[in-house]
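Here is a short tour of one structure, meant to be read with the model open beside you. Have a look at it first, and then we can walk through it together.

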Amino acid sequence: MKLLLIGAGNMGGAMLQGLHVNDITVVEAYPPRVLELQTLYPTITIVSEIPSLEGYLVILAIKPQSFSTLHTKGIAEGVISIMAGVSLEKLKSGIMAKHYIRSMPNMAALVRKSATSLCGDVALKDEAMEVLSSIGRCFWLESEKELDIATGLAGSAPAWIALVAEALSDGAVNLGMKREITYQYIATLFEGVGEVLKSEHPALLKDKVMSPAGTTAAGYAKLEEGKVRDSFIKAMEASYERAKSFSK
Ligand SMILES: NC(=O)C1=CN([C@@H]2O[C@H](COP(=O)(O)OP(=O)(O)OC[C@H]3O[C@@H](n4cnc5c(N)ncnc54)[C@H](O)[C@@H]3O)[C@@H](O)[C@H]2O)C=CC1
Ligand SMILES: O=C(O)[C@@H]1CCC=N1
């Protein structure tokens, strides 16, 4: 099916890394961004006005706050919205389509390794999963509540993990290591630990690393003192509440 990507900013643009192999038209309203996209993807049709939606599978990648001002014509074959928190009910009141899906990709789409959540009309499930598999791994969820939770877990978490990466670097730099080499370590570290976590339970990995009266235990105690686990639980709650507020 023909794809129509509406909004190719940070996330829509990242998704294009995988989506560009499809028959895809991009609608982008911000002229400087159009120029960037034309350089990156010279063969893709990029327009500034939204065409009739007839015959398209639309991927809606504008900000939730812009949704109320969106004007479209025609009935799309399907809509996949990646807008955080915008419910299926709200989506149906703002854009016409035969079927609707909510999705939550993440910035790892830049390297086609997004952990992408989907929920909505089962009639569109297979096609949506196939399209979004081009940007990484897809997870079908049974409810919008889970999608709103996954918004923190996968959509926002790249920023939180980037904070952890930067904080680890700051700690090493504080002790005298050169900044640049710390980021190379951290990228290798995250890649390696991510690979291990595919088959190892996080708690068991932690136990294997932490020696009695060792260096890891000394650092772990400080992380507990700083309420790192509690902070992540609260971050997830705040993200979930913010997502829900976008449909009020
Ligand atoms: N940034 C991220 O990591 C993630 C973002 N999302 C969701 O993706 C959506 C987009 O977020 P970002 O890409 O970060 O925002 P952004 O502001 O970078 O991109 C939005 C783009 O849409 C364009 N746009 C706005 N109205 C338009 C219209 N009527 N027609 C055509 N283009 C239009 C803007 O010019 C802009 O380039 C949001 O709803 C967000 O919740 C979801 C997962 C992760
Ligand atoms: O911060 C946001 O609202 C978007 C949704 C998930 C990641 N970025």
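Serine 103 has leucine 118 of S7 as its bridge partner. This being a predicted model, the pairing is one computed from predicted coordinates. The two strands concerned, S6 (residues 100-104) and S7 (residues 114-120), run antiparallel to each other and are joined by four bridges. Strands of a sheet pair through backbone hydrogen bonds, in either a parallel or an antiparallel sense.

Zooming out, S6 and S7 belong to an open sheet of eight strands, ordered S3-S2-S1-S4-S5-S6-S7-S8, with mixed pairing. Which strands stand at the edges? They are S3 (45-47) and S8 (136-140); each has a single partner strand, so one side of each is left without a neighbour in the sheet. From one strand to the next, the twist averages 25 degrees.

Next, the annotated site. An unreviewed UniProt entry carries the annotation "binding site" for Ile6, Gly7, Ala8, Gly9, Asn10, Met11, Ala61, Ile62, Lys63 and Pro64. These residues are spread over 59 residues of sequence, yet they cluster in space, with a largest C-alpha distance of 14.0 Å.

Two members of that list can be set side by side:

| Residue | Location | C-beta neighbours within 10 Å | Class |
|---|---|---|---|
| Methionine 11 | helix H1 (residues 10-19) | 23 | buried |
| Lysine 63 | loop between strand S4 (56-60) and strand S5 (78-81) | 13 | partly exposed |

Why does methionine 11 count as buried? Its 23 C-beta neighbours inside 10 Å put methionine 11 in that class, because a residue needs 20 or more to be called buried. Lysine 63, with 13 other C-beta atoms within 10 Å, is partly exposed, because that class lies between the exposed limit of 12 or fewer and the buried limit of 20 or more. Leaving aside neighbours within four places in sequence, methionine 11 is in contact with Ala61, Ile82 and Pro105. Ala61 is itself among the residues of the "binding site" annotation.

The same kind of record also describes a domain. UniProt, again in an unreviewed entry, lists residues 144-244 as "domain: Pyrroline-5-carboxylate reductase dimerisation". In the model this span is 85% helix and 0% strand, and its end C-alpha atoms lie 10 Å apart.

Finally, a look at ligand 2. Which residues surround it? Ligand 2 has Ala84, Thr151, Gly155 and Ser156 around it. By character, this shell divides into one nonpolar residue, three polar and no charged.

Terms used:
Residues numbered from 1 in each chain as written. Chains lettered and ligands numbered in written order. Predicted model: local features only at pLDDT ≥ 70, side-chain atom pairs only at ≥ 80, totals over all residues. UniProt positions renumbered as here; feature names shortened; annotations may be inferred. Contact = placed C-beta atoms within 7 Å. Near = placed C-beta within 6 Å. Nonpolar A, V, L, I, M, F, W, Y, C, P; charged D, E, K, R; others polar. Pairing = 2+ DSSP bridges. Axes fitted to C-alpha atoms, helices over the stretch in contact; angles between N-to-C directions.
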